[in-house]
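This report walks through selected local features of one chain. Please keep the sequence and the model open while reading.

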Amino acid sequence: MKKQFYVLAMMFLAVSFILPSCNHDDDPVMEYEFSVSNEDKVLTTTSLGQNFSVNVISTLNGTRIGFEIVSFPEWAVAEINLASLSVEVSENLLREGRTGKVIIKQVESGKTIEIQIEQGEVKDKANLESQFAVKTYKIKVISPEITGYEKAPEYKWYEVAEDGKESLLAETKDLAFIRENARKYKLKFHIKDGNVEETLYTEVTVSGPETPYSEKIAKVYEYTPAPGWRVSSYGNAGSTKEMVIETVENRLAADQFVSLGDFGGYIIFGFDHTVINKPDLRDFRITSSTGKTNNTRPGVIMVSYDTNGNGEADDEWYEIAGSEYHHVQTVRGIDITYYKPTEPLENFQMGDNYLKWTTNKEEEGYITKKMIPDASPVYPLWYRGNQEEQITFKNLTKLRSTIVMNGMFPDQSSDANYKPFDYGYACNVGDANKVGTSIDIAWAVDGDGKYVNLPGIDFVKVYTGTFIERGMYYGEADSDIKNAYDLHMIGETIETIKP
């Protein structure tokens, strides 16, 4: 028994030497790392939103381990994408900034990281004055103050009736507002750019004028005729420009015609109010002396409205695109220069080359002395300065002439030879033809031939649109005008035609 105990004791000692002792200091170290870079701890974006990709380090003793998303704002959706965290911050539609947190957790260690989200306020802002005032038949340009809205803004203006019904007025940033009736008008302005939009309201008080408006020409701003057989009756060598304009204004006030001379000669006149461009209606009429007995002598019409509000005819001009605008024989962009004769008319014989002209199309020629001296062209004697010896009319549209000649006279033997244009010109048909003498502002086009939507017009320019000799007895086919009328103010309703 003692021997057995001894053997067991020896075996225990042997095992004790073989097995290592239990020492906790030799256990392996569990090293966790869970971090993001300092720049990713705060994500900053504008109101438009942004997508972020955040690199997340999550390891145990250098080996990648998983992490999870604990929470995030509903406007900053977070998702795990392999070893990174994606955060999609949506557009801020609020008028103030916002902040939030994305919290992630390392599963094994329980460590957490908070990522701050800071989104700026909406910078897009529109302001509109609450009240405006304007007179009847005058344009008030209403311009909201816009900040931002730089992507693809859409604008809409509405007139709001008393019953709340809305009618669309324009789809532009600024509204050119004009009315003929004095009262208050409620307007609605809506702007939208992507998901950001605003609606603003204003009120316009329209009152009547202190002095009643005139339905006819109120002022002549310029009168610059080309040489012509009738222009000498408006001034002479001793006249000033102001004296000639006064003479012309007096003639128009008496409904007496004023000749514009040959091709390019013009007059600029205005109303004491804005002629409103009404949908589907013709808006103003120009009268003249033309008729079947003295041929159609069409004048090109240009219109303008007082954009800068200074009361002067110095704004952009638009051509009324009449029926001949696209005709193959219509020529645009012509500059023509007339030269003052160096000798008096009496030194020339009938048929002699008397007055020279040239164009920018490499054309040149002479206007001849007529059988009747009074029918020969006269260079305007009141011109001074650089116009005293020659005068140039620029960027003209030249129309074809429909005058039928029979030898040295226009052939007026048949009504079939009287061929006025369909619409859109001055001095084209007789005054009895109220439709043919009436013009729709909606026919106006810019320099590229594109129709423009003018709210109304303040100024009109008319120039002689043809360039033709009418034989040895008649003078040039000069355009003339007697007056112009606002059709809406005189209560005439004439439907338009669509070009």
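Where does tyrosine 425 lie? Tyrosine 425 is in the loop between β31 and β32. The model is predicted, and every value below is computed from it.

## Tyrosine 425

Is tyrosine 425 buried or exposed? Its relative accessibility is 3%. Buried means under 20%, so tyrosine 425 counts as buried.

Tyrosine 425 touches residues from several stretches of the sequence. Its contacts include Pro298, Gly299, Val300 and Ile301. Gly322, Ser323, Glu324 and Tyr325 are also among them, as are Leu399, Gly436 and Ile439. Residues up to four places away in sequence are left out of this list.

Two of these neighbours are reached through backbone nitrogen. The side chain of tyrosine 425 comes to 3.1 Å from the backbone nitrogen of glutamate 324. For the backbone nitrogen of tyrosine 325, the distance is 3.5 Å. Proline 225 lies 200 residues from tyrosine 425 along the chain, and their C-alpha atoms are separated by 18 Å.

## Aromatic pairs and charges over rings

How many aromatic pairs does a search of the whole structure find? The search finds 19. One of them joins tyrosine 423 and tryptophan 443. The ring centres are 4.8 Å apart, the planes meet at 50°, and the pair is classed as tilted. This pair links distant parts of the chain, 20 residues apart. Tyrosine 423 is in the loop between β31 (409-410) and β32 (438-439). Tryptophan 443 is in the loop between β32 and β33 (444-445). Both tyrosine 423 and tryptophan 443 are buried.

Ring pairs also build a cluster. Its members are Phe263, Tyr266, Tyr338, Trp357, Phe393 and Phe467.

Charged ends sit over two tyrosine rings. Arginine 179 places its charged end over the ring of tyrosine 185, 5.6 Å from the centre. Lysine 188 does so over tyrosine 158, with its charged end 5.2 Å from the ring centre.

## Helix α2

Helix α2 spans residues 241-253, 13 residues in total. From first C-alpha to last it reaches 18 Å, close to the 18 Å expected at 1.5 Å a residue.

Which residues of α2 are buried? They are Val244, Ile245, Val248 and Leu252. These residues lie on the same side of α2, because they cover an arc of only 100° around the axis. The face turned away from that buried side carries the exposed residues Glu242 and Ala253.

Strands help to cover the buried residues of α2. Among them are β20 (219-224), β21 (258-259) and β22 (266-276). The cover also includes β35 (480-481) and β36 (483-486). Just after α2, aspartate 255 takes a positive phi of about 60°.

## Positive phi in loops

Asparagine 61 has a phi near 50°, a positive value in a residue other than glycine. Asparagine 61 is in the loop between β4 (57-60) and β5 (63-64). Its relative accessibility is 42%, so asparagine 61 counts as partly exposed.

Glutamate 362 has a phi near 60°, again positive in a residue other than glycine. The loop between β27 (353-359) and β28 (364-368) holds glutamate 362. Is glutamate 362 buried or exposed? With a relative accessible area of 81%, glutamate 362 is exposed.

Key: Residues are numbered from 1 along each chain as its sequence is written. This is a predicted model: local features need pLDDT of at least 70, side-chain atom pairs count only at pLDDT 80 or more; totals for chains, interfaces and linings use all residues. Side-chain values use heavy atoms; hydrogens and water are left out. Rings of Phe, Tyr and Trp (its six-membered ring) pair if their centres lie within 6.5 Å; planes under 30 degrees apart count as stacked, over 60 as edge-to-face and the rest as tilted. Helices (H or I, at least four residues) and strands (E, at least two) are DSSP runs, numbered from the N terminus. Buried means under 20% relative accessible area, exposed over 50%, partly exposed in between (1.4 Å probe, protein chains only). A charge sits over a ring if NZ of Lys or CZ of Arg is within 6 Å of the ring centre and within 35 degrees of the ring normal. The expected span of a helix is 1.5 Å times one less than its number of residues. The arc is that of the directions from the helix axis to the C-beta atoms. Contact means heavy atoms within 4.5 Å. A polar contact is a pair of N or O atoms within 3.5 Å; within protein, one must be able to donate a hydrogen and the other to accept it, and residues adjacent in sequence count only if both atoms are side-chain atoms.
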